[in-house]
Amino acid sequence: MAITGKVIRYGDNVDTDVIIPARYLNSSDPKELAAHCMEDLDKTFVDRVRPGDIMVGGQNFGCGSSREHAPIAIKASGIACVVAKSFARIFYRNAINTGLPIVEFDGEIDEGDQLEIDFEKGLLKNLSKGSEGNFPPFPEFLQKIIAAGGLFKAMEEPL
Amino acid sequence: MQMTQSQKILAAHAGKKSVAAGDLIMAGLDLVLGNDITAPVAINEYRKHGAGCVFDCQKIALVMDHFTPNKDIKAAEQTKQVRDFAREKGIEHYYDTGEVGVEHCLLPEKGLVVAGDLVIGADSHTCTYGALGAFSTGVGSTDMAVGMAHGKAWFKVPKAMQFRLHGKLRKWVSGKDVILHIIGKTGVDGALYKSMEYCGEGVANLSMDDRLCICNMAIEAGAKNGIFPVDEQTLEYIAAHSKRKPQVYEADPDAEYESVTDINLDEVPCTVAFPHLPSNTRTFDDMPEVRIDQVVIGSCTNGRLSDLQVAAEILKGRKVHKDVRTLIIPGTQKIYLDALKLGLLEIFVNAGCAVSTPTCGPCLGGHMGILAAGERALATTNRNFVGRMGHPSSEVYLGSPAVAAATALNGIITEPAGL
Ligand code: SF4
(Lines give C-alpha, C1' and ligand atoms only; values in the text may rest on other atoms or scores of the structure.)
Protein backbone atom coordinates (compact mmCIF):
# COMPACT_ATOMS: atom_id res chain seq x y z
CA MET A 1 0.00 0.00 0.00
CA ALA A 2 1.31 3.43 -0.91
CA ILE A 3 -0.05 6.84 -0.02
CA THR A 4 0.74 10.35 -1.15
CA GLY A 5 0.08 13.48 0.84
CA LYS A 6 1.16 16.99 1.73
CA VAL A 7 3.38 17.64 4.75
CA ILE A 8 2.43 19.52 7.89
CA ARG A 9 5.68 19.79 9.81
CA TYR A 10 6.56 20.23 13.49
CA GLY A 11 9.81 19.97 15.50
CA ASP A 12 11.27 17.69 18.18
CA ASN A 13 9.47 16.45 21.31
CA VAL A 14 5.90 17.03 20.15
CA ASP A 15 4.16 15.91 23.35
CA THR A 16 0.73 14.43 23.90
CA ASP A 17 -0.34 17.51 25.88
CA VAL A 18 -0.10 19.64 22.74
CA ILE A 19 -1.50 16.92 20.48
CA ILE A 20 -4.64 16.88 22.61
CA PRO A 21 -4.69 19.02 25.79
CA ALA A 22 -5.93 17.29 28.94
CA ARG A 23 -8.79 19.77 29.31
CA TYR A 24 -10.53 17.97 26.44
CA LEU A 25 -10.02 14.46 27.81
CA ASN A 26 -13.42 14.44 29.45
CA SER A 27 -14.52 13.07 26.08
CA SER A 28 -13.32 10.08 24.09
CA ASP A 29 -15.31 10.95 20.95
CA PRO A 30 -12.81 11.01 18.03
CA LYS A 31 -14.58 13.92 16.28
CA GLU A 32 -14.55 16.06 19.38
CA LEU A 33 -10.90 15.25 20.05
CA ALA A 34 -9.98 16.04 16.43
CA ALA A 35 -11.57 19.48 16.75
CA HIS A 36 -8.85 20.42 19.31
CA CYS A 37 -5.92 18.50 17.83
CA MET A 38 -2.57 20.39 18.06
CA GLU A 39 -4.40 23.45 19.40
CA ASP A 40 -1.74 24.56 21.92
CA LEU A 41 1.10 24.25 19.42
CA ASP A 42 -0.58 25.34 16.19
CA LYS A 43 -3.99 27.00 16.24
CA THR A 44 -4.22 26.83 12.42
CA PHE A 45 -3.84 23.04 12.22
CA VAL A 46 -7.51 22.13 12.53
CA ASP A 47 -8.50 24.55 9.74
CA ARG A 48 -5.74 23.73 7.30
CA VAL A 49 -5.44 19.96 7.64
CA ARG A 50 -6.91 18.07 4.67
CA PRO A 51 -7.73 14.34 4.59
CA GLY A 52 -4.63 12.46 3.50
CA ASP A 53 -2.08 15.01 4.80
CA ILE A 54 1.06 13.65 6.43
CA MET A 55 2.27 14.93 9.80
CA VAL A 56 6.04 15.13 10.18
CA GLY A 57 7.91 15.49 13.48
CA GLY A 58 11.49 15.33 14.73
CA GLN A 59 12.85 13.28 17.63
CA ASN A 60 10.69 11.73 20.38
CA PHE A 61 7.30 12.38 18.74
CA GLY A 62 4.37 11.75 21.07
CA CYS A 63 6.26 11.95 24.36
CA GLY A 64 4.42 12.45 27.61
CA SER A 65 1.21 10.85 28.74
CA SER A 66 -0.15 7.47 27.71
CA ARG A 67 -3.39 8.95 26.38
CA GLU A 68 -4.57 6.95 23.39
CA HIS A 69 -6.65 10.04 22.65
CA ALA A 70 -3.50 11.44 20.95
CA PRO A 71 -3.27 9.00 18.00
CA ILE A 72 -7.09 8.90 17.90
CA ALA A 73 -7.24 12.72 17.54
CA ILE A 74 -4.55 12.78 14.85
CA LYS A 75 -6.23 10.01 12.88
CA ALA A 76 -9.69 11.58 13.17
CA SER A 77 -8.32 14.93 11.99
CA GLY A 78 -7.63 13.31 8.63
CA ILE A 79 -3.87 12.72 8.92
CA ALA A 80 -2.98 9.58 6.94
CA CYS A 81 0.42 8.91 8.48
CA VAL A 82 2.92 10.38 10.97
CA VAL A 83 6.58 10.44 9.98
CA ALA A 84 9.19 11.21 12.65
CA LYS A 85 12.87 10.68 13.39
CA SER A 86 11.87 8.75 16.53
CA PHE A 87 8.71 8.08 18.51
CA ALA A 88 8.11 7.97 22.25
CA ARG A 89 7.41 4.34 23.14
CA ILE A 90 3.84 4.53 24.45
CA PHE A 91 2.78 6.61 21.45
CA TYR A 92 4.40 3.99 19.18
CA ARG A 93 2.40 1.19 20.84
CA ASN A 94 -0.80 3.18 20.77
CA ALA A 95 -0.43 4.04 17.10
CA ILE A 96 -0.02 0.36 16.20
CA ASN A 97 -2.85 -0.70 18.47
CA THR A 98 -5.26 1.92 17.06
CA GLY A 99 -4.24 1.65 13.42
CA LEU A 100 -2.55 5.03 12.85
CA PRO A 101 0.26 4.41 10.34
CA ILE A 102 3.63 5.68 11.58
CA VAL A 103 7.03 5.72 9.92
CA GLU A 104 10.45 6.21 11.50
CA PHE A 105 12.44 8.19 8.95
CA ASP A 106 15.31 10.63 9.20
CA GLY A 107 15.57 12.77 6.06
CA GLU A 108 15.05 16.30 4.85
CA ILE A 109 11.35 17.12 4.75
CA ASP A 110 9.86 20.63 4.76
CA GLU A 111 6.42 22.06 5.35
CA GLY A 112 4.25 21.65 2.25
CA ASP A 113 6.41 18.97 0.60
CA GLN A 114 4.58 16.22 -1.25
CA LEU A 115 5.50 12.73 0.00
CA GLU A 116 4.84 9.26 -1.35
CA ILE A 117 5.12 6.46 1.20
CA ASP A 118 5.15 2.78 0.30
CA PHE A 119 4.69 0.82 3.54
CA GLU A 120 5.46 -2.61 2.11
CA LYS A 121 8.65 -1.58 0.37
CA GLY A 122 9.65 0.68 3.24
CA LEU A 123 10.25 3.50 0.76
CA LEU A 124 9.63 7.21 1.29
CA LYS A 125 9.85 9.53 -1.73
CA ASN A 126 9.93 13.29 -1.33
CA LEU A 127 8.30 14.26 -4.63
CA SER A 128 8.92 17.99 -4.07
CA LYS A 129 12.65 17.51 -3.49
CA GLY A 130 13.16 14.56 -5.86
CA SER A 131 14.82 12.58 -3.07
CA GLU A 132 14.01 9.21 -1.54
CA GLY A 133 15.06 6.93 1.30
CA ASN A 134 14.22 3.69 3.05
CA PHE A 135 12.72 3.07 6.44
CA PRO A 136 12.66 -0.18 8.41
CA PRO A 137 9.36 -2.06 8.12
CA PHE A 138 7.68 -3.22 11.33
CA PRO A 139 8.96 -6.47 12.88
CA GLU A 140 6.91 -9.52 11.91
CA PHE A 141 5.31 -9.73 15.35
CA LEU A 142 3.83 -6.25 14.98
CA GLN A 143 2.90 -6.81 11.35
CA LYS A 144 0.73 -9.70 12.55
CA ILE A 145 -1.05 -7.36 14.97
CA ILE A 146 -1.64 -4.85 12.19
CA ALA A 147 -2.73 -7.55 9.72
CA ALA A 148 -5.16 -9.04 12.24
CA GLY A 149 -6.83 -5.62 12.49
CA GLY A 150 -5.54 -4.55 15.88
CA LEU A 151 -4.29 -6.09 19.10
CA PHE A 152 -7.64 -7.35 20.35
CA LYS A 153 -8.27 -9.43 17.23
CA ALA A 154 -4.69 -10.63 17.15
CA MET A 155 -5.03 -11.98 20.68
CA GLU A 156 -7.78 -14.29 19.56
CA GLU A 157 -5.19 -16.21 17.52
CA PRO A 158 -1.89 -17.26 19.09
CA LEU A 159 0.90 -14.87 18.09
CA MET B 1 22.60 -15.41 29.25
CA GLN B 2 23.22 -12.62 31.77
CA MET B 3 20.13 -10.53 32.48
CA THR B 4 19.26 -7.22 34.09
CA GLN B 5 16.70 -7.05 36.92
CA SER B 6 14.00 -5.93 34.46
CA GLN B 7 14.82 -8.67 31.97
CA LYS B 8 14.61 -11.32 34.69
CA ILE B 9 11.08 -10.27 35.65
CA LEU B 10 10.01 -10.26 32.00
CA ALA B 11 11.53 -13.70 31.36
CA ALA B 12 9.79 -15.19 34.40
CA HIS B 13 6.41 -13.82 33.30
CA ALA B 14 6.88 -15.04 29.73
CA GLY B 15 7.67 -18.54 31.02
CA LYS B 16 11.18 -18.38 29.59
CA LYS B 17 14.55 -19.23 31.13
CA SER B 18 16.10 -16.17 29.59
CA VAL B 19 15.36 -13.25 27.30
CA ALA B 20 17.63 -10.81 25.50
CA ALA B 21 17.25 -7.14 24.65
CA GLY B 22 15.16 -6.73 21.51
CA ASP B 23 13.14 -9.98 21.94
CA LEU B 24 9.40 -9.56 21.46
CA ILE B 25 7.55 -11.52 24.11
CA MET B 26 4.03 -12.13 25.36
CA ALA B 27 3.91 -12.10 29.15
CA GLY B 28 1.37 -12.73 31.91
CA LEU B 29 0.36 -9.76 34.08
CA ASP B 30 -0.05 -9.39 37.84
CA LEU B 31 -1.98 -6.12 37.65
CA VAL B 32 -3.71 -3.98 35.01
CA LEU B 33 -4.41 -0.35 35.91
CA GLY B 34 -6.61 2.33 34.39
CA ASN B 35 -7.98 5.73 35.42
CA ASP B 36 -11.03 7.88 34.67
CA ILE B 37 -9.46 9.19 31.44
CA THR B 38 -7.96 6.03 29.97
CA ALA B 39 -10.35 3.34 31.26
CA PRO B 40 -13.40 4.64 29.32
CA VAL B 41 -11.47 4.29 26.04
CA ALA B 42 -10.37 0.79 27.11
CA ILE B 43 -13.91 -0.17 28.09
CA ASN B 44 -15.27 0.97 24.70
CA GLU B 45 -12.67 -1.21 23.02
CA TYR B 46 -13.43 -4.10 25.38
CA ARG B 47 -17.15 -3.94 24.62
CA LYS B 48 -16.60 -3.49 20.89
CA HIS B 49 -14.90 -6.86 20.84
CA GLY B 50 -17.65 -8.45 22.92
CA ALA B 51 -15.21 -9.59 25.58
CA GLY B 52 -17.02 -11.27 28.47
CA CYS B 53 -15.46 -11.83 31.89
CA VAL B 54 -12.22 -10.10 32.82
CA PHE B 55 -9.18 -12.35 33.25
CA ASP B 56 -9.12 -11.88 37.03
CA CYS B 57 -11.36 -9.51 38.99
CA GLN B 58 -8.68 -9.15 41.72
CA LYS B 59 -5.94 -8.07 39.34
CA ILE B 60 -7.49 -4.96 37.83
CA ALA B 61 -7.36 -1.55 39.48
CA LEU B 62 -9.64 1.27 38.30
CA VAL B 63 -8.75 4.57 39.96
CA MET B 64 -10.96 7.62 39.42
CA ASP B 65 -8.40 10.30 40.20
CA HIS B 66 -7.96 12.74 37.32
CA PHE B 67 -11.15 14.78 37.02
CA THR B 68 -12.62 13.81 40.38
CA PRO B 69 -14.57 14.87 42.37
CA ASN B 70 -16.29 15.04 38.96
CA LYS B 71 -15.43 18.44 37.55
CA ASP B 72 -18.28 18.58 35.02
CA ILE B 73 -21.03 16.54 33.43
CA LYS B 74 -18.75 14.85 30.91
CA ALA B 75 -16.32 13.79 33.66
CA ALA B 76 -19.26 12.47 35.67
CA GLU B 77 -20.40 10.41 32.66
CA GLN B 78 -16.91 8.98 32.26
CA THR B 79 -16.57 7.85 35.87
CA LYS B 80 -20.10 6.45 35.71
CA GLN B 81 -19.12 4.37 32.70
CA VAL B 82 -16.16 2.93 34.60
CA ARG B 83 -18.20 2.41 37.80
CA ASP B 84 -20.85 0.47 35.87
CA PHE B 85 -18.19 -1.66 34.22
CA ALA B 86 -16.49 -2.38 37.56
CA ARG B 87 -19.81 -3.47 39.11
CA GLU B 88 -20.79 -5.59 36.13
CA LYS B 89 -17.46 -7.42 36.05
CA GLY B 90 -17.10 -7.67 39.82
CA ILE B 91 -13.79 -5.74 39.80
CA GLU B 92 -12.68 -5.48 43.39
CA HIS B 93 -10.19 -2.63 43.24
CA TYR B 94 -12.39 0.19 42.01
CA TYR B 95 -11.64 3.48 43.79
CA ASP B 96 -13.96 6.47 43.63
CA THR B 97 -14.35 9.78 45.47
CA GLY B 98 -14.06 9.31 49.23
CA GLU B 99 -11.70 6.39 48.91
CA VAL B 100 -9.62 7.42 45.95
CA GLY B 101 -6.06 8.68 45.89
CA VAL B 102 -3.73 9.58 43.06
CA GLU B 103 -3.24 6.15 41.48
CA HIS B 104 0.53 5.83 41.88
CA CYS B 105 0.37 6.89 45.53
CA LEU B 106 -2.62 4.63 46.13
CA LEU B 107 -1.59 1.28 44.65
CA PRO B 108 1.62 0.75 46.70
CA GLU B 109 -0.22 1.92 49.84
CA LYS B 110 -3.02 -0.60 49.21
CA GLY B 111 -0.44 -3.33 48.72
CA LEU B 112 -1.57 -4.06 45.16
CA VAL B 113 1.99 -4.18 43.85
CA VAL B 114 4.86 -6.18 45.35
CA ALA B 115 8.43 -6.95 44.28
CA GLY B 116 8.70 -9.18 41.22
CA ASP B 117 5.31 -8.20 39.78
CA LEU B 118 4.70 -7.38 36.13
CA VAL B 119 2.32 -4.44 35.91
CA ILE B 120 0.87 -2.43 33.04
CA GLY B 121 -1.19 0.70 33.46
CA ALA B 122 -2.94 2.96 31.02
CA ASP B 123 -1.09 5.85 32.57
CA SER B 124 2.45 6.80 31.70
CA HIS B 125 3.58 7.12 35.32
CA THR B 126 2.85 3.45 36.00
CA CYS B 127 6.66 3.17 36.00
CA THR B 128 6.48 4.39 39.65
CA TYR B 129 6.24 0.83 41.06
CA GLY B 130 9.78 0.01 40.01
CA ALA B 131 10.61 1.43 43.44
CA LEU B 132 9.17 -1.79 44.89
CA GLY B 133 11.29 -3.99 42.63
CA ALA B 134 8.46 -4.62 40.16
CA PHE B 135 8.58 -4.24 36.38
CA SER B 136 5.86 -1.76 35.62
CA THR B 137 5.25 0.41 32.62
CA GLY B 138 2.70 2.69 31.01
CA VAL B 139 0.68 1.58 28.00
CA GLY B 140 -2.37 2.81 26.11
CA SER B 141 -6.03 1.99 26.46
CA THR B 142 -6.08 -0.82 23.87
CA ASP B 143 -3.26 -2.57 25.73
CA MET B 144 -5.27 -2.10 28.91
CA ALA B 145 -8.39 -3.57 27.31
CA VAL B 146 -6.49 -6.62 26.07
CA GLY B 147 -4.79 -6.91 29.48
CA MET B 148 -8.18 -6.92 31.23
CA ALA B 149 -9.52 -9.60 28.88
CA HIS B 150 -6.50 -11.88 28.58
CA GLY B 151 -4.14 -10.96 31.42
CA LYS B 152 -1.33 -10.57 28.93
CA ALA B 153 0.64 -7.91 27.11
CA TRP B 154 3.40 -7.83 24.52
CA PHE B 155 6.77 -6.33 25.34
CA LYS B 156 9.95 -5.61 23.52
CA VAL B 157 12.64 -6.60 26.03
CA PRO B 158 14.50 -3.39 26.86
CA LYS B 159 18.19 -2.62 27.12
CA ALA B 160 19.19 -0.95 30.34
CA MET B 161 21.12 2.02 31.66
CA GLN B 162 22.66 1.57 35.10
CA PHE B 163 22.82 4.33 37.70
CA ARG B 164 25.13 3.64 40.66
CA LEU B 165 24.21 5.70 43.67
CA HIS B 166 26.76 6.60 46.35
CA GLY B 167 26.58 8.53 49.60
CA LYS B 168 23.70 10.39 51.12
CA LEU B 169 21.53 13.37 50.17
CA ARG B 170 22.12 16.68 51.94
CA LYS B 171 19.43 18.43 53.99
CA TRP B 172 16.59 19.78 51.77
CA VAL B 173 17.69 17.66 48.82
CA SER B 174 15.32 14.85 47.83
CA GLY B 175 14.57 12.11 45.33
CA LYS B 176 12.95 14.76 43.14
CA ASP B 177 16.25 16.60 42.83
CA VAL B 178 18.02 13.32 41.98
CA ILE B 179 15.66 12.51 39.11
CA LEU B 180 15.59 16.09 37.78
CA HIS B 181 19.39 16.07 37.93
CA ILE B 182 19.46 12.82 35.92
CA ILE B 183 16.91 14.00 33.34
CA GLY B 184 18.84 17.25 32.97
CA LYS B 185 21.81 15.14 31.90
CA THR B 186 20.09 12.42 29.83
CA GLY B 187 17.47 14.63 28.15
CA VAL B 188 13.83 13.76 27.64
CA ASP B 189 14.63 10.93 25.23
CA GLY B 190 18.00 9.81 26.61
CA ALA B 191 16.51 6.61 28.00
CA LEU B 192 14.03 6.01 25.15
CA TYR B 193 12.75 2.38 25.17
CA LYS B 194 15.25 1.48 27.94
CA SER B 195 15.19 0.49 31.62
CA MET B 196 16.78 2.78 34.19
CA GLU B 197 18.22 0.43 36.82
CA TYR B 198 19.53 1.79 40.10
CA CYS B 199 22.10 0.14 42.35
CA GLY B 200 24.92 0.96 44.76
CA GLU B 201 25.29 1.54 48.47
CA GLY B 202 23.53 4.92 48.20
CA VAL B 203 20.20 3.15 47.57
CA ALA B 204 19.92 2.26 51.28
CA ASN B 205 20.04 5.98 52.12
CA LEU B 206 16.98 6.75 50.00
CA SER B 207 13.53 6.44 51.57
CA MET B 208 10.77 4.51 49.80
CA ASP B 209 9.09 7.85 49.03
CA ASP B 210 12.30 9.05 47.34
CA ARG B 211 12.54 5.83 45.32
CA LEU B 212 8.88 6.06 44.25
CA CYS B 213 9.50 9.65 43.12
CA ILE B 214 12.65 8.70 41.18
CA CYS B 215 10.93 5.82 39.36
CA ASN B 216 7.84 7.96 38.75
CA MET B 217 9.78 10.26 36.44
CA ALA B 218 11.59 7.54 34.45
CA ILE B 219 9.08 8.28 31.67
CA GLU B 220 10.28 11.90 31.57
CA ALA B 221 13.62 10.53 30.36
CA GLY B 222 11.70 8.46 27.79
CA ALA B 223 12.37 5.21 29.68
CA LYS B 224 10.21 2.12 29.59
CA ASN B 225 10.69 1.55 33.32
CA GLY B 226 12.80 2.50 36.29
CA ILE B 227 13.66 -0.09 38.92
CA PHE B 228 15.37 -0.32 42.31
CA PRO B 229 16.93 -3.40 43.87
CA VAL B 230 14.91 -4.96 46.69
CA ASP B 231 16.47 -4.35 50.11
CA GLU B 232 15.35 -4.56 53.73
CA GLN B 233 13.50 -1.27 53.49
CA THR B 234 11.53 -2.51 50.47
CA LEU B 235 10.59 -5.75 52.17
CA GLU B 236 9.50 -3.92 55.31
CA TYR B 237 7.36 -1.57 53.25
CA ILE B 238 5.74 -4.46 51.37
CA ALA B 239 5.12 -6.45 54.57
CA ALA B 240 3.44 -3.41 56.13
CA HIS B 241 1.13 -2.85 53.16
CA SER B 242 0.44 -6.15 51.44
CA LYS B 243 -0.52 -9.70 52.22
CA ARG B 244 1.10 -10.92 49.01
CA LYS B 245 4.52 -12.51 48.96
CA PRO B 246 7.24 -10.56 47.16
CA GLN B 247 9.51 -12.25 44.64
CA VAL B 248 13.03 -10.87 44.57
CA TYR B 249 14.89 -10.69 41.25
CA GLU B 250 18.47 -9.45 41.16
CA ALA B 251 20.45 -8.34 38.15
CA ASP B 252 23.20 -10.76 37.19
CA PRO B 253 26.64 -9.41 38.17
CA ASP B 254 27.76 -9.23 34.56
CA ALA B 255 24.49 -8.15 32.99
CA GLU B 256 25.00 -5.82 30.07
CA TYR B 257 24.25 -2.11 30.41
CA GLU B 258 24.27 0.41 27.64
CA SER B 259 25.75 2.97 29.96
CA VAL B 260 26.86 3.16 33.57
CA THR B 261 26.59 6.45 35.47
CA ASP B 262 27.92 7.11 38.96
CA ILE B 263 25.97 9.59 41.04
CA ASN B 264 27.23 10.96 44.35
CA LEU B 265 24.10 11.79 46.26
CA ASP B 266 26.08 14.23 48.47
CA GLU B 267 26.73 16.36 45.41
CA VAL B 268 23.20 16.50 44.00
CA PRO B 269 21.95 20.09 44.30
CA CYS B 270 18.38 21.39 44.61
CA THR B 271 17.23 21.37 41.01
CA VAL B 272 14.38 23.07 39.14
CA ALA B 273 13.14 22.27 35.61
CA PHE B 274 12.21 25.36 33.63
CA PRO B 275 9.49 25.45 30.97
CA HIS B 276 8.74 23.61 28.77
CA LEU B 277 10.71 20.38 29.21
CA PRO B 278 11.60 18.39 32.35
CA SER B 279 15.18 18.25 31.03
CA ASN B 280 15.52 22.04 31.02
CA THR B 281 17.04 22.03 34.50
CA ARG B 282 18.84 24.70 36.51
CA THR B 283 20.40 24.86 39.94
CA PHE B 284 20.51 27.78 42.34
CA ASP B 285 24.05 28.77 41.27
CA ASP B 286 22.47 30.07 38.16
CA MET B 287 18.89 30.99 39.01
CA PRO B 288 17.28 34.11 37.55
CA GLU B 289 14.59 35.83 39.61
CA VAL B 290 11.35 34.14 38.61
CA ARG B 291 8.08 35.43 40.09
CA ILE B 292 5.52 32.73 40.84
CA ASP B 293 1.72 33.04 40.96
CA GLN B 294 0.89 29.54 42.16
CA VAL B 295 2.60 26.74 44.06
CA VAL B 296 1.28 23.17 43.90
CA ILE B 297 2.49 20.50 46.32
CA GLY B 298 1.03 17.11 45.46
CA SER B 299 0.72 14.59 42.57
CA CYS B 300 1.95 11.04 42.04
CA THR B 301 5.50 12.41 42.13
CA ASN B 302 5.42 14.30 45.45
CA GLY B 303 2.07 13.91 47.19
CA ARG B 304 3.31 11.47 49.85
CA LEU B 305 3.49 11.99 53.60
CA SER B 306 7.22 12.79 53.73
CA ASP B 307 6.67 15.43 51.02
CA LEU B 308 4.01 17.12 53.12
CA GLN B 309 6.24 16.85 56.21
CA VAL B 310 9.10 18.68 54.49
CA ALA B 311 6.74 21.40 53.26
CA ALA B 312 5.24 21.77 56.74
CA GLU B 313 8.69 22.05 58.31
CA ILE B 314 9.33 25.10 56.13
CA LEU B 315 5.85 26.65 56.34
CA LYS B 316 5.35 26.20 60.10
CA GLY B 317 4.57 29.49 61.81
CA ARG B 318 5.01 31.44 58.56
CA LYS B 319 2.69 32.92 55.94
CA VAL B 320 2.88 32.28 52.20
CA HIS B 321 3.53 35.34 50.01
CA LYS B 322 0.36 37.31 49.41
CA ASP B 323 0.67 36.97 45.62
CA VAL B 324 1.09 33.19 45.67
CA ARG B 325 -1.87 30.83 45.64
CA THR B 326 -0.55 27.72 47.38
CA LEU B 327 -2.31 24.40 46.93
CA ILE B 328 -1.55 21.31 48.97
CA ILE B 329 -2.94 18.03 47.66
CA PRO B 330 -2.29 14.91 49.76
CA GLY B 331 -1.89 11.88 47.47
CA THR B 332 -4.36 9.58 49.21
CA GLN B 333 -7.01 9.60 51.92
CA LYS B 334 -4.58 7.81 54.25
CA ILE B 335 -1.92 10.46 53.66
CA TYR B 336 -4.58 13.13 54.23
CA LEU B 337 -5.56 11.53 57.53
CA ASP B 338 -1.95 11.04 58.66
CA ALA B 339 -1.23 14.68 57.81
CA LEU B 340 -4.28 15.66 59.82
CA LYS B 341 -3.18 13.63 62.85
CA LEU B 342 0.36 15.02 62.69
CA GLY B 343 -1.00 18.57 62.63
CA LEU B 344 0.38 19.29 59.16
CA LEU B 345 -2.95 20.42 57.72
CA GLU B 346 -3.28 22.99 60.47
CA ILE B 347 0.19 24.34 59.65
CA PHE B 348 -0.80 24.63 55.98
CA VAL B 349 -4.11 26.36 56.61
CA ASN B 350 -2.50 28.77 59.09
CA ALA B 351 0.16 29.55 56.49
CA GLY B 352 -2.55 30.51 54.01
CA CYS B 353 -2.55 27.38 51.81
CA ALA B 354 -5.60 25.70 50.30
CA VAL B 355 -5.74 21.99 51.18
CA SER B 356 -7.57 19.78 48.70
CA THR B 357 -9.00 16.28 48.72
CA PRO B 358 -6.74 13.83 46.81
CA THR B 359 -6.96 14.41 43.03
CA CYS B 360 -4.68 14.85 40.03
CA GLY B 361 -6.48 18.16 39.51
CA PRO B 362 -4.05 20.89 38.43
CA CYS B 363 -1.17 18.52 37.60
CA LEU B 364 -2.68 17.89 34.18
CA GLY B 365 -4.54 21.18 33.92
CA GLY B 366 -7.77 19.39 34.70
CA HIS B 367 -9.32 21.48 37.46
CA MET B 368 -8.68 22.75 41.02
CA GLY B 369 -6.05 25.36 40.22
CA ILE B 370 -5.75 26.28 36.54
CA LEU B 371 -3.38 29.02 35.35
CA ALA B 372 -4.40 32.16 33.42
CA ALA B 373 -2.49 33.46 30.40
CA GLY B 374 1.11 34.31 31.30
CA GLU B 375 0.92 32.99 34.87
CA ARG B 376 3.69 30.88 36.37
CA ALA B 377 3.51 27.94 38.75
CA LEU B 378 6.19 26.12 40.71
CA ALA B 379 4.86 22.58 41.11
CA THR B 380 6.10 19.33 42.60
CA THR B 381 4.49 17.53 39.64
CA ASN B 382 6.37 15.86 36.79
CA ARG B 383 5.56 17.66 33.53
CA ASN B 384 5.95 21.23 32.39
CA PHE B 385 4.87 20.97 28.76
CA VAL B 386 3.13 23.89 27.03
CA GLY B 387 -0.35 24.36 28.52
CA ARG B 388 0.08 21.52 31.03
CA MET B 389 -1.51 23.45 33.92
CA GLY B 390 -3.79 25.79 32.03
CA HIS B 391 -3.48 28.53 29.41
CA PRO B 392 -0.99 27.73 26.62
CA SER B 393 1.02 30.84 27.53
CA SER B 394 1.27 29.89 31.23
CA GLU B 395 4.44 28.29 32.56
CA VAL B 396 5.22 25.41 34.91
CA TYR B 397 8.51 25.07 36.85
CA LEU B 398 9.16 21.68 38.46
CA GLY B 399 10.81 21.32 41.85
CA SER B 400 10.84 19.43 45.14
CA PRO B 401 8.39 20.00 48.01
CA ALA B 402 11.12 21.91 49.89
CA VAL B 403 11.75 24.27 46.96
CA ALA B 404 7.99 24.63 46.47
CA ALA B 405 7.40 25.60 50.11
CA ALA B 406 10.31 28.06 50.14
CA THR B 407 9.02 29.56 46.90
CA ALA B 408 5.52 29.93 48.34
CA LEU B 409 6.97 32.05 51.15
CA ASN B 410 9.06 34.35 48.96
CA GLY B 411 6.99 34.60 45.78
CA ILE B 412 10.10 33.93 43.70
CA ILE B 413 11.83 30.58 43.10
CA THR B 414 13.81 30.09 46.30
CA GLU B 415 16.35 27.64 47.65
CA PRO B 416 15.17 26.22 50.98
CA ALA B 417 18.66 26.33 52.52
CA GLY B 418 18.74 30.11 52.20
CA LEU B 419 15.64 30.78 54.30
S1 SF4 C 1 -0.79 13.28 39.42
FE2 SF4 C 1 -0.38 14.09 37.39
S3 SF4 C 1 1.15 12.80 36.48
FE4 SF4 C 1 0.33 11.72 38.28
S5 SF4 C 1 -1.29 10.39 37.47
FE6 SF4 C 1 -2.24 12.31 38.05
S7 SF4 C 1 -2.20 13.58 36.19
FE8 SF4 C 1 -0.78 11.90 35.88
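**Notebook: rings and charges**

I started with B:Arg164, which is partly exposed at a relative accessible area of 33%. My scale for this, with a 1.4 Å probe and protein chains only, calls a residue buried under 20% relative accessible area, exposed over 50%, and partly exposed in between.

Before going on, I noted that this is a predicted model, where local features need pLDDT of at least 70, side-chain atom pairs count only at pLDDT 80 or more, and totals for chains, interfaces and linings use all residues; side-chain values use heavy atoms, with hydrogens and water left out. Residues are numbered from 1 along each chain as its sequence is written, while chains are lettered from A and ligands numbered from 1 in the order in which they are written.

**Entry: salt bridges**

I looked up how many salt bridges there are over all chains, and the count comes to 32. The rule asks for a side-chain nitrogen of Lys or Arg within 4 Å of a carboxyl oxygen of Asp or Glu.

What does B:Arg164 meet in a salt bridge? Its partner is B:Asp262, at 3.7 Å from N to O. B:Arg164 sits in strand E8 (residues 160-166) and B:Asp262 in strand E11 (residues 259-264), so this pair links parts of chain B that are 98 residues apart. I take helices (H or I, at least four residues) and strands (E, at least two) as DSSP runs, numbered from the N terminus. B:Asp262 is partly exposed too, at 46%.

Next I checked B:Glu375 and B:Arg325, which form a salt bridge at 2.9 Å, N to O. B:Glu375 is in the loop between strand E16 (354-355) and strand E17 (376-379), B:Arg325 is in strand E15 (residues 325-328), and 50 residues separate the two. Buried or partly exposed? B:Glu375 is buried at 16%, whereas B:Arg325 is partly exposed at 35%.

Then came B:Glu395 with B:Arg376, their closest N and O atoms 3.2 Å apart. This salt bridge links strand E18 to strand E17 of chain B, 19 residues apart. I found B:Glu395 partly exposed at 23% and B:Arg376 partly exposed at 27%.

I also noted a network of salt bridges that links A:Asp17, A:Arg67 and B:Arg388.

**Entry: ring pairs**

Over all chains I have 12 aromatic pairs. Rings of Phe, Tyr and Trp (its six-membered ring) pair if their centres lie within 6.5 Å; planes under 30 degrees apart are stacked, over 60 edge-to-face, and the rest tilted.

One of them is A:Tyr92 with A:Phe138, edge-to-face at 6.1 Å centre to centre and 75 degrees between the planes. A:Tyr92 lies in helix H5 (residues 89-98) and A:Phe138 in the loop between strand E7 (131-134) and helix H6 (140-148), so the pair ties together parts of chain A 46 residues apart in sequence. A:Tyr92 is buried at 16%, but A:Phe138 is partly exposed at 21%.

In chain B, I looked at B:Phe274 and B:Tyr397, edge-to-face at 4.8 Å and 80 degrees. They are 123 residues apart: B:Phe274 is in the loop between strand E12 (271-273) and strand E13 (281-283), B:Tyr397 in strand E18 (residues 395-398). B:Phe274 is buried at 8%, and B:Tyr397 is buried at 5%.

Ring pairs also join A:Phe61, A:Phe87 and A:Phe91 into a cluster.

**Entry: charges over rings**

Here NZ of Lys or CZ of Arg must be within 6 Å of the ring centre and within 35 degrees of the ring normal. I found A:Arg93 over the face of B:Phe155, 5.9 Å from the ring centre. The charged end of B:Lys171 sits over the ring of B:Trp172, at 4.3 Å from its centre.
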